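This report is written for a reader who is meeting a protein fold of this kind on the page and wants to follow it piece by piece. Please keep the structure in view while reading, and look up each residue as it is named.

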Amino acid sequence: MGTDNVLLETLYKNPHFDNMTLKRVKAICPIHGEYETFSRTNPDGTEYVGRCPECQRIESIEQQESCRVNIADSNIISDRLLAAGVPEEYAGLTFETLPPGLLANGDLITSCIELCDKKANNLVMLGTTGVGKTSLSCAILSRILQNRQGDYWPSVCYTTEARLLRAMKSTFGRREGPTEQDIINQMGRYDVLVIDEIGKAPASDYNVAALEEIINMRYITRRTVICGNISGEDLKRHFTDGLRSKLAYNSRMKDIIDKDHRRTI
Ligand SMILES: Nc1ncnc2c1ncn2[C@@H]1O[C@H](COP(=O)(O)OP(=O)(O)OP(=O)(O)O)[C@@H](O)[C@H]1O
Ligand SMILES: [Mg+2]
Ligand SMILES: [Zn+2]
């Protein structure tokens, strides 16, 4: 639990505290998904919603790092990747530890490295299940953190299309906390953003417009990786022409054709 959640939990349990104004609620973070927190109605009628505990954790990591000596860089990187939303089973991946079969796809790896080295701004990886899309996108984030310059840590984020859209929609009608525009701005600013599992969320007008706004902010000056288990044709239907044209800016488009490496039966 993040610090303000702990504080609110303590208040909640205090019999002298007027907990009529404090409610346990579920909120959605665009990076880390659903979390439990408290909301409090202030005397002026506005509502405060507790922040995502993982987001608070990433803020404290930077402070802790300045005190941590002799901690392997790889541990710091996987910690940062976890806090950036990378699923636990992918947070320790690097290009050095990817399965040799995946590394053998030289053209694909070259495109990934070009994005890491800022030779490409946008990378779209499509392919059926278990062909290594998520593994590659997480190895990309790891390499970018590994190759950081000096003390500057590039800001990175891993999310899925569905999670992002859910987080944006959860702001509708809320009077306090981040607005939909705040989430768009936040996603627009990351140095490197991975949006995984594109195409699982329905391509409604709202969804497409929201994604287009994020990509608009990013496509020339930042790096974005889009992955999805859909065909190129489905991607065309999923995005508008404008969105596809922006994603094509200094981009690499990869169709990964392979078997499902997850499946053993
Ligand atoms: N070419 C490969 N050789 C060996 N193992 C691989 C290869 N590609 C992927 N894998 C393994 O397959 C598993 C699934 O990989 P990953 O989750 O990256 O796939 P994905 O394309 O994101 O799948 P999904 O579309 O279901 O999300 C991982 O354990 C990964 O190490
Ligand atoms: Mg995946
Ligand atoms: Zn969060």
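## Overall make-up

The secondary structure of the protein comes to 11 helices and 8 strands, and the model described here is a predicted one. Of the 265 residues in the protein, 34% are buried. Among the contacts with a separation of 6 or more, 74% are made by residues 24 or more positions apart.

## The two sheets

The strands discussed here belong to two open sheets, which are set side by side in the table.

| Sheet | Strand order | Pairing | Average twist from one strand to the next |
|---|---|---|---|
| 3 strands | S1-S2-S3 | antiparallel | 35° |
| 5 strands | S5-S6-S7-S4-S8 | parallel | 10° |

In the sheet of 3 strands, strand S1 (residues 22-29) and strand S3 (residues 47-49) stand at the edges with a single partner strand each, so one side of each is left without a neighbour in the sheet. Strand S2 (residues 33-41) runs antiparallel to S3, and 3 bridges join S2 to S3. A reader who wants to find this pairing can look for Arg40, which stands opposite Tyr48 in S3.

In the sheet of 5 strands, the edges are formed by strand S5 (residues 156-160) and strand S8 (residues 251-256), each of which pairs on one side only. Strand S4 (residues 122-127) pairs with S8 in the parallel sense, over 6 bridges, and Leu123 has Arg252 in S8 as its bridge partner. Helix H6 packs on this sheet, where H6 touches S4, S5, strand S6 (residues 192-196), strand S7 (residues 223-228) and S8. The direction of H6 makes about 170° with that of S6.

## Helix H6 and its neighbour H5

Two packed helices are described by the angle between their axes and the distance between the axes. For helix H5 (residues 106-116) and helix H6 (residues 133-146), the angle is about 35° and the axes are 9 Å apart, while the crossing of H5 and H6 is right-handed. On the H5 side the contact is made by Cys112, Leu115 and Cys116, which meet Leu136, Ile140, Arg143 and Ile144 in H6. The residues of this contact divide into 6 nonpolar, no polar and 1 charged. An α-helix has 3.6 residues a turn, so residues three or four places apart point the same way.

## The surroundings of ligand 1

Which residues are the closest to ligand 1? They are Pro99, Gly101, Gly132, Thr134 and Ser135, and 15 residues surround the ligand altogether. Helix H4 (residues 100-103) and H6 are the elements that give two or more residues to this shell, and H6 gives the most, with 3 residues. By kind, the residues of the shell around ligand 1 divide into 3 nonpolar, 9 polar and 3 charged.

## Helix H3 and the residue after its end

Helix H3 (residues 73-83) has as its buried residues Ile77, Ser78, Arg80, Leu81, Leu82 and Ala83. Just after H3 comes Gly85, which takes a positive phi of about 105°.

## Bringing the parts together

Helix H6 is a useful place to return to, since several parts of this account meet there: H6 packs on the sheet of 5 strands, H6 also packs with H5, and H6 gives 3 residues to the shell around ligand 1.

Notes:
Residues numbered from 1 in each chain as written. Chains lettered and ligands numbered in written order. Predicted model: local features only at pLDDT ≥ 70, side-chain atom pairs only at ≥ 80, totals over all residues. Helix = DSSP H or I, 4+ residues; strand = E, 2+ residues; numbered from the N terminus. Buried ≥ 20, exposed ≤ 12 C-beta atoms within 10 Å, placed from the backbone. Contact = placed C-beta atoms within 7 Å. Axes fitted to C-alpha atoms, helices over the stretch in contact; angles between N-to-C directions. Left-handed = near helix turned anticlockwise from the far one by under 90°. Nonpolar A, V, L, I, M, F, W, Y, C, P; charged D, E, K, R; others polar. Near = placed C-beta within 6 Å. Pairing = 2+ DSSP bridges.
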